[in-house]
Amino acid sequence: MKITLNSDKEVVKLIKEGLERTGGYCPCRISRKEEYKCMCEEFKAQIKDPDFEGYCHCRLYYKSK
């Protein structure tokens with residue numbers, strides 16, 4: 001298992017700017033809940049799932065098997 005940043009540098013730049021603007025909360029979500037703070041709880045659960053391979057909700061991180 002490996003966690004990497006999205007290979008699209010423009011996506012990474014936009015998401016990081018959004019994270020800065022929102023105080024670390026996923027800029028792709030309307031609510032500012034603790035579970036949406038990057039790295040969000042949803043992606044942490046996906047990391048633990050041995051069958052999951054793909055991007056986090058905002059496409060900043062990618063988990064490969």
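Cysteine 40 is a buried residue in this predicted model, with a relative accessibility of just 8%. Its closest cysteine sulfur belongs to cysteine 56, and at 6.1 Å that is too far for a bond. Cysteine 38 has a similar story to tell about bonding: the closest cysteine sulfur is in cysteine 58, 5.8 Å away, and that is again too far for a bond. In terms of surface, cysteine 38 is partly exposed, at 34% relative accessible area. So how many disulfides turn up when the whole structure is searched? Zero. A disulfide is a covalent bond between the sulfur atoms of two cysteines, and the cut-off used for calling one is 2.5 Å between the sulfurs. The 5.8 Å from cysteine 38 to cysteine 58 is too far for that bond, and so is the 6.1 Å from cysteine 40 to cysteine 56.

Now for the sheet. Three strands make it up, it is open, and the order runs β1-β3-β2 with antiparallel pairing. The edges are taken by β1 (2-5) and β2 (54-55), each of which pairs on one side only. Between β1 and β3 there are four bridges, in the antiparallel sense. Isoleucine 3, for instance, has lysine 63 in β3 as its bridge partner, while threonine 4 stands opposite tyrosine 62 in β3. On the other side, β2 and β3 pair over two bridges, also antiparallel. Here tyrosine 55 is the residue that stands opposite tyrosine 62 in β3.

The hairpin of β2 and β3 has five residues between the strands, and arginine 59 takes a positive phi there, near 75 degrees. Arginine 59 also shows up in a ring contact: it lies over the face of tyrosine 55, at 4.0 Å from the ring centre.

On to the rings themselves. A pair of aromatic rings is described by the distance of the centres and the angle of the planes. There are three aromatic pairs in the structure, and two of them are set out here.

| Pair | Geometry | Centre to centre | Angle between planes |
|---|---|---|---|
| Phenylalanine 43 and phenylalanine 52 | edge-to-face | 6.5 Å | 80 degrees |
| Phenylalanine 43 and tyrosine 61 | stacked | 6.2 Å | 15 degrees |

What does the stacked pair tie together? Phenylalanine 43 sits in helix α2 (residues 41-48) and tyrosine 61 in strand β3 (residues 61-64), so the pair links parts that are 18 residues apart in sequence. Phe43, Phe52 and Tyr61 together form one aromatic cluster. As for burial within that cluster, phenylalanine 43 is buried at 1% relative accessibility, phenylalanine 52 also counts as buried at 17%, and tyrosine 61 is partly exposed with a relative accessible area of 22%.

Last stop: threonine 22, which has its place in helix α1 (residues 9-22). Is threonine 22 buried or exposed? Buried, with a relative accessible area of 15%. A polar atom of the threonine 22 side chain lies 2.5 Å from the backbone oxygen of tyrosine 25. Leaving aside residues up to four places away in sequence, threonine 22 touches Pro27 and Arg32.

Technical notes:
Residues numbered from 1 in each chain as written. Predicted model: local features only at pLDDT ≥ 70, side-chain atom pairs only at ≥ 80, totals over all residues. Heavy atoms only, no water. Phe/Tyr/Trp six-rings, centres within 6.5 Å; stacked < 30°, edge-to-face > 60°. Buried < 20%, exposed > 50% of the residue type's maximum accessible area, 1.4 Å probe, protein only. Lys NZ or Arg CZ within 6 Å of the ring centre and 35° of its normal. Polar contact = N/O pair within 3.5 Å; in protein donor to acceptor, adjacent residues only side chain to side chain. Contact = heavy atoms within 4.5 Å. Pairing = 2+ DSSP bridges.
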